[in-house]
Structures are given as structure tokens and as C-alpha cells.
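Here is a short, friendly briefing to read alongside the model. Have a look at the structure first, then follow the notes topic by topic.

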Amino acid sequence: MHDVPMTLYNSLGRALQRFAPIDPANVRIYSCGPTVYNYAHIGNLRAYVFTDTLSRVLTWKGWPLTHIINITDVGHLTSDADAGDDKMEAAARASGRDIWAIAAHYTQAFKQDLGDLNIRAPSRFPLATDHVEGMIDFAKSIEGHCYRIDDGLYFDTTSVPGYGGLAGRRDDAREGRIDAVAGKRHPEDFAIWRTSPPGGNRQMEWDSPWGRGAPGWHLECSVMSRQYLGDRFDIHTGGVDHREIHHPNEIAQNQARQGCAGADYTGANIWMHNNFLVERSGKMSKSSGAFTTLRTLVDRGFHPLAYRLMCLQAHYRSEIEFSWEGLAAAQTRLKRLVQGVEALRARPAAATTAPVAPYIQRLDAAVSDDLNTPRALLALDELLADKRVAPADRIAALVDFDAVLGLDLVTATRADLRVRPASAAIDEDGIAERLSARRDVRAAKDFAASDAIRDALAAAGVEVMDGDPLGWDWRIDA
Ligand code: AMP
Ligand code: ZN
């Protein structure tokens, strides 16, 4: 039915390509998951709005999926290029808490964020620490590509053909790699296993043929993707930062595992990367400590789906500059959509003739064109406004738009979108009570009393919106 041919942008080769699944009965996708030493920032969450869009579109177009999002609970160092401390260990030391408890807490928080953003759960969320044995076996099988130094077992990136082909200009990739590890043969070489220094105080460590220690970060994704999806699968995703180091290293490991099956063997057929969400005011960085989370947005009165819509308004390969004004505009757009649907529901069936199918066709054409969600949203706006199409047909078509965009337009109500900021000094019942009292005094033409109620609400952080074109009778000032 939704049979527009699908093209996706493959970072490997930097070109759009026709999507042809390896097995149409089971499309296999692997998405690099979060490092759970802290809450996800909203930039991280953009990566999963993107993977959710990908998986929703493929499912809607009729392909059953196996989708894996791993949880990185060991091994990711403060620099992607094997310099610095393990992020998890550093967080545990800084907080004095048990590392396993930290991992469990932030994993749970991540899943909660995904749920709030209407991101569907993948088939599995495997944990890196549950796969250490598999990582050791994998490492043994590629030992011929590795060498030993004091720090552990390192991968020789010159031992596979075309190393780093996925990354941007080779010089760029080199620049980021501070050669902090003594004995590394080439700046791009990376840790497969990091041996704990004598007297070290890691909370997470395992025995291995290369001493007691912990796996290198890149290894987990080669091992888990292979275990759950096989040697060759359809799509591998991550943020655009992963295109430069993490994914080239995964590819090198995969090539080595396959006996150097050539530069064309990478594990996944298509490597896709979302661009960044950036903040003008500072770095969107978990390690910086001060960063914006989904909770920050909600505390300021924004609905998580407004953030989802903000992401969908941009193509996933475009950078988004985060601003509160931009988020407010997305929230207003979402309210308009919800209000538009409510108006359609209230309208009696009109005698109209135009078919709704062209809108579904436009949705299909947009998302099949490398997930062009901005164009899909335009089709949605026009569908809701098209008076030639019967209201019931317009509402029915929303099932398709919801399936792909995940905005819950079929069920959302205006009340659902009201989010009380953490700073508000009054709850919804209190607001409703005062607004009702205000209507009474206005009916009695006691405008002084009406103004007094309005001022009292304003003092509690609630703006009364008489005659608001969106039909909102109040708004909480963040
Ligand atoms: P991490 O928790 O750092 O391992 O990152 C989780 C995911 O978020 C990875 O796919 C990253 O590439 C992605 N990511 C990190 N920062 C941003 C950002 N500012 N905007 C979009 N994606 C990001
Ligand atoms: Zn990964």
C-alpha cells in the first residue's frame, strides 16, 4: 500500500541509495545507545527521535523489524579516541555511589524519556556489561590485528583495508585524537581491552587473557549487533559524532572478524547519522554538568511532544539550533494541530467529495525520501485544512500520520498539552475554580472583581487569555 520506493542517505559513500532489505520479513537495525553515567540531554534524545522515525516509517511501509538500542554501561572514555577516564567510573567516584546503581538509575531515566517522547521501545536494550564474555571471545578472534601495550590490547588500524572510509576528511579525524596512550603505533589505533593499572580502583572489571580490566568501548557494538542481528544487517545509526571515530572502529573490528573480507564489508549495509542539536549558549554536553534535559523542558511548561515536533520540523541531517522561542513555536504548532482535530470532530459530516488518498500518498512520498518529516508535516497541515475532504476522512487519515510521526493526534486533547511548570504556585483545579468564579462575576458585570481574580492568577504565574485565537483560556508563564 505505502509503496513509494524508499531512499536513505548512506554516510558510507555520502549518497542517497534505494533501500532494499536483506530479508524483507525481518529488517535489522542497530542504534548506538546512551552512555548511562548521567541523564540524557535533549541532543541525545534527538538521536532517538530520529531512530524512532526510521523504525516507524519502515514498519508503516510494511517491513517487520528487529531494532536494537544498546546501553553503554562500561568502557566509554571521556574522549571517544581512547583518552581519559571511563565515564561510568568517573561518575561513580565523583558521587561516591555504586556504579551499578548509577547505571540502573540512568538507564531507567532514559527509558522514561523515550516513553514521554512517544519513542517506541526497540526489540531489545542489551547492556554492554552483559556481553563481556562475548567481547572477550570476539577480541580473541581478531587478536592477529592487535598488539599489546601496557594499557592493554590495541587494534592496529592499518591491518584492515580502507580504515576510516566512513569518516570525514582523514585530517579532521586525526586532529581529535590526542595520542595520550604510550606505545600506540598509529594515532587512530584504539583499545580493544584496557588492562587495569596496578593498584587501580575500577568498580567494574573482568578477567581476560590480557589481564584484569575492561573492554574498549567500540567492541560492545560489534559484539551486540552481531549477536542480535547477524554478521550483516540493514542499518546502523548514531549521532554524526559517531561517524568519525566510533563507527569507523566498529567497521574495522567487523572487517577483522570477517577475515578482512574487503573494504566493502562493514557489518551494516547503510550507516545513518543524525545531525546535532546545538545550543548557542553553550555546549550540549553531558560531561559539562550543566545541560538541558527533557525534565528541564517539562519544568518550564513544555510538553515532551512539543520537543518531538521541534525535532521533526527539521530534516534529521540538518543541525537544529535549540532555542526556547523555537520550542514555544513548536508547542503552539502542536496545540493548533490538536485544536484542528478537535474542531473536525465537533463538525457534523459535510457533503464533500475530494478523496483523502492523495494526502497519504504525499506522506509516503515525503518519508520515503530519506525521512523527510518537514514535508510530511506540511502535508498534515494541508490535510487538516482541506475543506473539500470530509472531516471523518481527514480524521481517519490521522492514523497514518500518527503511525509515522508519533504525535498522538488521534487521541491528544488540549488538556493533555497543558504542562504545569515546576515554578507554578497553583494547580489545575485551583485555576479552574478561579476561572469559573471569574466567569460568574463577569456575567454579573462586576469587572473590578474579575480583574482582581485575573491579577491573583497572574501573581501565581497564570496568564488569563481572554479571546485567545487558539481557544486557550489560560497559560502558565514559565
Ligand atoms: P552518548 O550518551 O554520549 O553515548 O550519546 C547517545 C547518542 O546521542 C549518540 O548517538 C550520539 O551520537 C548522540 N548525540 C550526542 N550529542 C548529540 C547532540 N547534541 N545532538 C544530537 N545527537 C547527539
Ligand atoms: Zn555504538
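Let's start with the bound molecule: ligand 1 has 19 residues around it (a residue is near a molecule if one of its heavy atoms lies within 4 Å), and Thr-35, Gly-43, Asp-241, Leu-277 and Lys-286 come nearest. This is a predicted model, in which local features need pLDDT of at least 70, side-chain atom pairs count only at pLDDT 80 or more, and totals for chains, interfaces and linings use all residues. Residues are numbered from 1 along each chain as its sequence is written, chains are lettered from A and ligands numbered from 1 in the order in which they are written, and side-chain values use heavy atoms, leaving out hydrogens and water.

**Ligand 1**

- An N or O atom in the side chain of Thr-35 is 2.9 Å from an oxygen atom of ligand 1, and a backbone N or O atom of Gly-239 lies 3.0 Å from an oxygen atom of the ligand.
- The side chain of Asn-274 has an N or O atom 3.3 Å from a nitrogen atom of ligand 1.
- Of the 490 Å² of accessible area that ligand 1 has on its own, the protein covers 95% (Shrake-Rupley method, 1.4 Å probe).
- Two elements, α1 and β9 (233-239), give two or more residues to the shell around ligand 1, and α1 gives the most, with 4 residues.

**Zinc site**

- Cys-32 (SG), Cys-221 (SG) and His-246 (NE2) coordinate the zinc ion (ligand 2) at 2.0 to 2.2 Å.
- Donors here are N, O and S atoms within 2.8 Å of the metal (3.2 Å for Na, K and Ca); water is not among the atoms, so sites may look incomplete.
- The donor residues of the zinc ion follow the spacing C-x188-C-x24-H in sequence.
- Distant parts of the chain are linked here: Cys-32 is in the loop between β3 (27-31) and α1 (42-60), and His-246 is in helix α7 (residues 246-257), 214 residues apart.
- Both Cys-32 and His-246 are buried, where buried means under 20% relative accessible area, exposed over 50% and partly exposed in between (1.4 Å probe, protein chains only).

**His-273**

- His-273 is found in strand β10 (residues 268-274) and is buried, with a relative accessible area of 5%.
- Its side chain makes a polar contact of 2.7 Å with the side chain of Ser-11 and another of 2.8 Å with the side chain of His-247.
- A polar contact is a pair of N or O atoms within 3.5 Å; within protein, one must be able to donate a hydrogen and the other to accept it, and residues adjacent in sequence count only if both atoms are side-chain atoms.

**Overall fold**

- The protein chain has 16 helices and 14 strands (DSSP runs numbered from the N terminus: helices are H or I, at least four residues; strands are E, at least two).
- Of its 478 residues, 55% count as buried.
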